[in-house]
Amino acid sequence: MKTERLTPDPYGIARAAELLAAGQTVAMPTETVYGLAGDARNGRAVARIFEAKGRPGFNPLIVHVPDLAAARDIARFGDEALILAQTFWPGALTLVLDLHATSDIAPLVTAGLNTVGIRLPDHPAARALLSRFGGPLAAPSANVSGRVSPTSAVHVLDPDGGLAGRIAAVLDAGPCPVGVESTIVGWPNGRATLLRPGGIPAEAIEAAIGHKLIAPSIDPDRPSAPGQLTSHYAPNVALRLNAAAPRPDETFIAFGAPGRFSLSRHGDLTEAAANLFDTLRRADREGRPIAVAPVPEHGLGAAINDRLRRAAAPRD
Ligand code: TXA
Ligand code: MG
């Protein structure tokens, strides 16, 4: 298959929507990372997503919708979910909610669960595509399973481990402004629970609902979010965290200081999140072990450190 490279002009959006309507997969820009989109109501299209990613079948996908009304057709919103949707959508927040029995979401999207992860992305190209397509789009990050998430069309098509030739098209809108995946919140035991730290800081979510989020229990045999798989965002080379300085053989990723590989020279967490995956990819290409400077744990730092810990976790 030759992967078409489309731009987010009216022709590109129409062509991407046409491919999706035909059950094909299209890499779509969002504000967080590029997603590999397919029609969430079409089991064959969803199967093509898993096939292209080489993804384990137990991992459920996020459904992207154009507006809150479309989300409420699919899943049941409790009071807190509604507050969060009204506060943070469109934006980098995924809500895991009970699926309506009448919904037409393909069972493969939820991996057979009776809950579904939903979000309304805040990116003009994603929103144009969703409204042109006129239906829900299932979209995991557009990378081969277990590898670093793509924050540009170049990453999606990377000859080393990308999806070129495995998907119908990529809609190229340049780099993703947020740069880490969405924050995932669910109510597994009736209480608001942080299932994955991400682009909306947990502190902001807690301020909106007026109480603390529960941290998930980590059970590696029953992953409910990718944050619970040990090695998930893996570069090829080894990674050492919280390094004050590099050893002679290491490529150093700085934070709060300049450098060839620096997440943010001024220590800005928003900039560091936007640079994270591209910096990891570039450092990986040096072929030497990577050492990363400490990143503070508050705000977007929680999502950055979560991805770095996973990148550093032992491989299987
Ligand atoms: O920012 C993002 O969230 C990006 C963009 C493309 O939207 N998407 C993304 O998708 O990161 P993905 O598939 O790489 O991660 C989604 C994770 C799944 O691995 C799964 O663990 C969790 O969301 N998830 C989805 N539905 C769920 C459900 N019903 N229950 C629990 N977790 C769920
Ligand atoms: Mg992913």
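Modeller: Buried means that 20 or more other C-beta atoms, placed from the backbone, lie within 10 Å of a residue's own; 12 or fewer is exposed, and in between is partly exposed. This is a predicted model, where local features need pLDDT of at least 70 and side-chain atom pairs pLDDT 80 or more, while totals for chains, interfaces and linings use all residues. Residues are numbered from 1 along each chain as its sequence is written, with chains lettered from A and ligands numbered from 1 in the order written.

Biologist: Okay, let's start with H1: which of its residues are buried?

Modeller: Helix H1 covers residues 10-21; helices (H or I, at least four residues) and strands (E, at least two) are DSSP runs, numbered from the N terminus. The face turned away from the buried side carries the exposed Pro10 and Tyr11. The buried ones in H1 are Gly12, Ile13, Ala16, Ala17, Leu19 and Leu20.

Biologist: Why do those buried residues end up on the same side of H1?

Modeller: Picture the directions from the helix axis to the C-beta atoms; the arc is theirs. What covers the buried residues of H1 includes strands S1 (4-6), S2 (26-28) and S3 (35-39), along with helix H5 (124-133). The buried residues sit on the same side because they cover an arc of only 160°.

Biologist: And just after H1, which residue takes a positive phi?

Modeller: Look just past the end of H1, which runs over residues 10-21. A phi of about 85° turns up there, and it belongs to Gly23.

Biologist: Now the big picture: how far apart are the C-alpha centres of domain 1 and domain 2?

Modeller: The domain assignment, automatic or from a database, gives domain 1 as 4-228 and domain 2 as 239-312. Their C-alpha centres are separated by 25 Å.

Biologist: Which helix gives the most to the largest nonpolar core?

Modeller: Such a core is a set of buried Ala, Val, Leu, Ile, Met, Phe, Trp, Tyr and Cys residues joined through C-beta atoms within 7 Å. The largest one has 96 residues, and Ala16, Val26 and Ala273 are among those with the most contacts inside it. Domain 1 and domain 2 each supply at least three residues. Eight residues come from 269-284, which is helix H8.

Biologist: You mentioned Val26; which residues of H1 does it touch?

Modeller: Touching here is being in contact, with C-beta atoms, placed from the backbone, within 7 Å. Leaving out residues up to four places away in sequence, the partners of Val26 include Ala37, Ile167 and Leu171. From H1, residues 10-21, Val26 touches Ala16, Leu19 and Leu20.

Biologist: Over in strand S6, is Val96 buried or exposed?

Modeller: Val96 has its place in S6, residues 93-99. Gly117 is 21 residues away in sequence, yet the two lie 4.2 Å apart, C-alpha to C-alpha. Val96 also touches Thr115, Ile184, Gly186 and Leu195. With 25 C-beta neighbours inside 10 Å, Val96 counts as buried.

Biologist: Any backbone oddities? What is the omega of the cis bond from Trp89 to Pro90?

Modeller: Most peptide bonds are trans. Pro90 is in the loop between helix H4 (79-88) and S6. The bond from Trp89 to Pro90 is cis, with omega near -5°.

Biologist: Last one: is Asn242 buried or exposed?

Modeller: Asn242 is in the loop between strand S12 (239-240) and strand S13 (251-253). Its phi is near 50°, a positive value in a residue other than glycine. With 12 other C-beta atoms within 10 Å, Asn242 is exposed.

Note on methods
Contact = placed C-beta atoms within 7 Å. Expected span 1.5 Å × (residues − 1).
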